[in-house]
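Here is a short briefing on the fold, the ligand shell and a few residues worth a look. Keep the structure open while you read.

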Amino acid sequence: MLVSAKEMLEKARDGHYAVGQFNINNLEWTKSILLTAEELRSPVILGVSEGAGKYMTGYRTVVGMVNGMLEELKITVPVALHLDHGSYEGALKCIEAGFSSVMFDGSHYPIEENVAKTTELVKICAQKGLSLEAEVGSIGGEEDGVIGGGEVADPEECKRIADLGVTMLAAGIGNIHGKYPENWPGLRFDALEAIKAKTGNMPLVLHGGTGIPEDMIKKAIDLGVAKINVNTECQLAFAAATREYIEAGKDLQGKGFDPRKLLAPGAEAIKATVKEKMELFGSVGKA
Ligand code: 13P
């Protein structure tokens with residue numbers, strides 16, 4: 001059964017580790033992530049962007065697929081199904097469809113509008129026992145058409161949103177979606193410390209987990225990050241493994257064209273990436 005992300009994140013915050021959010025795109029992604037979480041006894045959050053939800057034909061399909069897999073694969077670790085960077089309307093649709101967690105990304109609105117819309121969703125999620133992620137200060141890079149400027153969040157604004165009663169807060173600290181440029185100056189730990197000082201016990205979320213050096217990830221966790229989002233890195237691993245299979249001509253040998261064979265190296269590569277991240281985040285054995 002899907003669970004809210006609240007308990008797993010509070011445990012992570014108190015235990016000084018982070019739970020990974022891994023974005024899903026299809027059946028292979030979902031299966032690889034769930035099997036790895038189960039094998040490593042790690043809690044996990046499956047992220048679904050609005051674009052990926054549409055690609056998978058809609059939120060109901062996603063809920064049906066994930067619930068089916070939890071049962072058929074006999075998954076016993078805590079799993080949350082979470083809307084990633086949702087609009088207000090998208091969040092309502094996911095709640096209706098059976099997601100156990102949603103993110104409302106109001107970071108591109110003026111703060112008053114972000115507060116008003118987040119307040120509404122806090123009420124709805126509380127009634128239904130769902131977790132809610134809010135965002136202050138947009139995150140750099142591009143993800144599914146959502147472009148952020150790499151801003152750093154204002155700690156006062158973070159406090160205003162945290163005090164509304166959200167479950168977790170994403171705050172820009174110089175992080176970017178996708179690959180980091182060569183000249184990226186790194187995470188702004190001064191900003192993270194200032195945000196932590198204002199928001200107290202609030203589990204903080206680090207987006208753009210792909211390509212952040214290990215020492216920075218560890219320091220971010222020490223400073224209060226309890227959830228780290230990873231998307232691009234699984235895509236790169238899947239693409240590289242698939243390329244290798246095709247370039248080796250394996251799709252031309254025997255029944256190598258069978259999608260169950262063709263997609264297998266990519267699925268294994270996703271498992272390896274998820275394992276590496278769960279070990280780095282410290283969530284292994286915490287389910
Ligand atoms: P990356 O694609 O950079 O890993 O970022 C993922 C993310 O933050 C999803 O919200």
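Which residue of strand 10 is the bridge partner of Gly-20? The partner is Ile-228. This is a predicted model. In it, 8 strands close into a barrel, and 16 residues surround a ligand.

**Barrel**

- The barrel order is 1-2-3-4-5-8-9-10, and the pairing is parallel.
- From one strand to the next, the twist averages 25°.
- Strand 1 (residues 19–23) and strand 10 (residues 225–230) run parallel and are joined by 4 bridges.
- Gly-20 pairs with Ile-228 in strand 10, and Phe-22 has Val-230 as its bridge partner there.
- Strand 9 (residues 204–206) also pairs with strand 10, in the parallel sense, over 3 bridges.
- Ile-228 appears again here, as the bridge partner of Leu-206. Ile-228 is thus bridged to Gly-20 and to Leu-206.
- Strand 10 is largely enclosed by the rest of the structure, because 6 of its 6 residues are buried.
- Strands 3 and 4 run parallel, joined by 3 bridges. Gly-86 stands opposite Phe-104 in strand 4.
- In general, strands of a sheet pair through backbone hydrogen bonds, either parallel or antiparallel.

**Strand 4 faces**

- Strand 4 is covered on both faces.
- Ser-101 and Met-103 are buried on one side. Val-102 and Phe-104 are buried on the other.

**Ligand shell**

- The closest of the 16 surrounding residues are His-207, Thr-210, Asn-229, Asn-231 and Thr-232.
- Which elements each supply at least two residues of the shell? They are strand 3 (79–86), strand 10 and helix 10 (232–247).
- By class, the shell holds 1 nonpolar, 12 polar and 3 charged residues.

**Nonpolar core**

- The largest nonpolar core has 73 residues.
- Ala-18, Ile-33, Leu-46, Val-102, Leu-169 and Ala-171 touch the most other members.
- Helix 12 (residues 264–281) gives this core its largest share, 5 residues.
- Which residues does Leu-46 touch, not counting those up to four places away in sequence? They are Phe-22, Ile-24, Thr-30, Ile-33, Val-66, Val-79, Leu-81 and His-82.
- Ile-33 is on that contact list and is also among the core members that touch the most others.
- Val-102 is one of those core members too, and it is buried on one face of strand 4.

**Pro-78**

- Pro-78 lies in the loop between helix 4 (59–72) and strand 3.
- Is this loop residue, Pro-78, buried or exposed? Pro-78 counts as buried because it has 22 C-beta neighbours inside 10 Å, and the threshold is 20 or more.
- Val-3 is 75 residues away along the chain, yet the C-alpha atoms of Pro-78 and Val-3 are separated by 6.4 Å.
- Beyond four places in sequence, Pro-78 is in contact with Val-3, Met-8, Pro-43 and Ala-287.

**Ala-170**

- Ala-170 is in strand 8 (residues 168–171).
- With 30 C-beta neighbours inside 10 Å, Ala-170 counts as buried.
- Ala-170 and Glu-135 are 35 residues apart along the chain, and their C-alpha atoms are separated by 4.6 Å.
- Leaving aside neighbours within four places in sequence, Ala-170 contacts Glu-133, Glu-135, Val-205 and His-207.
- His-207 links this site to the ligand shell: it is in contact with Ala-170 and is one of the closest residues to the ligand.

**Positive phi**

- Most residues other than glycine have a negative phi.
- Thr-57 has a phi near 80°, a positive value in a residue other than glycine.
- Thr-57 is in the loop between helix 3 (50–55) and helix 4.
- Why does Thr-57 count as exposed? Thr-57 has 10 C-beta neighbours inside 10 Å, and 12 or fewer means exposed.
- His-85 also has a positive phi, of about 50°, although it is not a glycine.
- His-85 is found in strand 3. His-85 is buried, with 26 other C-beta atoms within 10 Å.

Methods. Residues are numbered from 1 along each chain as its sequence is written. This is a predicted model: local features need pLDDT of at least 70, side-chain atom pairs count only at pLDDT 80 or more; totals for chains, interfaces and linings use all residues. Two strands pair if DSSP finds at least two bridges between them. Axes are lines fitted to C-alpha atoms, for helices over the stretch in contact, and angles run from 0 to 180 degrees between N-to-C directions. A residue is near a molecule or strand if its C-beta atom, placed from the backbone, lies within 6 Å of it. Ala, Val, Leu, Ile, Met, Phe, Trp, Tyr, Cys and Pro count as nonpolar, Asp, Glu, Lys and Arg as charged, and the others, Gly among them, as polar. A nonpolar core is a set of buried Ala, Val, Leu, Ile, Met, Phe, Trp, Tyr and Cys residues joined through C-beta atoms within 7 Å. Two residues are in contact if their C-beta atoms, placed from the backbone, lie within 7 Å.
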